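New to this one? Take a moment to look over the sequence and the 3D view before reading on.

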Amino acid sequence: MDEHPSDEDLHDTDATVEAGEVPGFEDADVPAVPHPVNWNLLSSDDLEAELLALNEWVTWLRTTYGLPASVIPPFWHRHAELRWELSALHLHWLGAYDPEQNASAPIGWHRDFADARQRLRDWVAASGTRLDRDRPTRQTVWPGEQPTEPIEDTTIADRDADFVQYVLDEVAARREAEDAFFAGIDLDTGELT
């Protein structure tokens, strides 16, 4: 039996490759290209996926580098300013450690990581989140705005349970907003009613 492909087999393979399909490779086999995450525009499903991926990476980051709660607190997910900063750092890390990146990219990431740690300390100090408790980030009330309600610290005994509940609540709120948006579309015209 001849183990070499025939000219006909090669021709068929070339046609498949030209059509954009490579035999034996599924879409799932190709890693996703890192892309900026705009937390404001994610669908409910994408929001869930991005939060879970970021949580996994943040856990790796804090344990790998031994980061204290003053840099990455347990309840970072409850604070948009920390979520945006950590998300940007995560994407930068993905790019720096991409196999096609040049060999000096990781040192650039570490240099930027040093800057990001200082910003994270600033965000944590401003937010008021701590190792065992959390509160919403205080907002400065500008002249003419309504005063905010007093902000109380909440003790949270189980960080993982809090994260799971946070994701469920955020995804449900986003899904509700999506449903309300789509309910307002006229199916005949495609316009908002």
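Here's a quick tour of a few spots in this predicted model.

Let's start with Ser 44, which sits in helix 2, a stretch covering residues 44-64. Is Ser 44 buried or exposed? Its relative accessibility is 2%, so Ser 44 counts as buried, given that buried means under 20%. Setting aside neighbours within four places in sequence, Ser 44 is in contact with Val 171, Arg 174, Arg 175 and Glu 178. With Arg 175 there's also a polar contact, side chain to side chain, at 3.4 Å.

Now hop over to Leu 94, a residue of helix 3. Leu 94 has 29% relative accessibility, so this one counts as partly exposed, a label for values between 20% and 50%. Here are the two residues side by side:

| Residue | Helix | Relative accessibility |
|---|---|---|
| Ser 44 | helix 2 | 2%, buried |
| Leu 94 | helix 3 | 29%, partly exposed |

From Leu 94 you can step across to Trp 109: they're 15 residues apart along the chain, and their C-alpha atoms are separated by 9.6 Å.

Trp 109 is one of the buried residues of helix 4, a list that also includes Phe 113, Leu 120 and Val 124. What do the buried residues of helix 4 pack against? They pack against helix 2 and helix 3, the latter being residues 80-96. Helix 4 itself runs over residues 105-127, 23 residues in total, and spans 31 Å from its first C-alpha to its last, close to the expected 33 Å. Just after helix 4 comes Gly 128, with a positive phi of about 85°.

How values were computed
Residues are numbered from 1 along each chain as its sequence is written. This is a predicted model: local features need pLDDT of at least 70, side-chain atom pairs count only at pLDDT 80 or more; totals for chains, interfaces and linings use all residues. Side-chain values use heavy atoms; hydrogens and water are left out. Helices (H or I, at least four residues) and strands (E, at least two) are DSSP runs, numbered from the N terminus. Buried means under 20% relative accessible area, exposed over 50%, partly exposed in between (1.4 Å probe, protein chains only). A polar contact is a pair of N or O atoms within 3.5 Å; within protein, one must be able to donate a hydrogen and the other to accept it, and residues adjacent in sequence count only if both atoms are side-chain atoms. Contact means heavy atoms within 4.5 Å. The expected span of a helix is 1.5 Å times one less than its number of residues.
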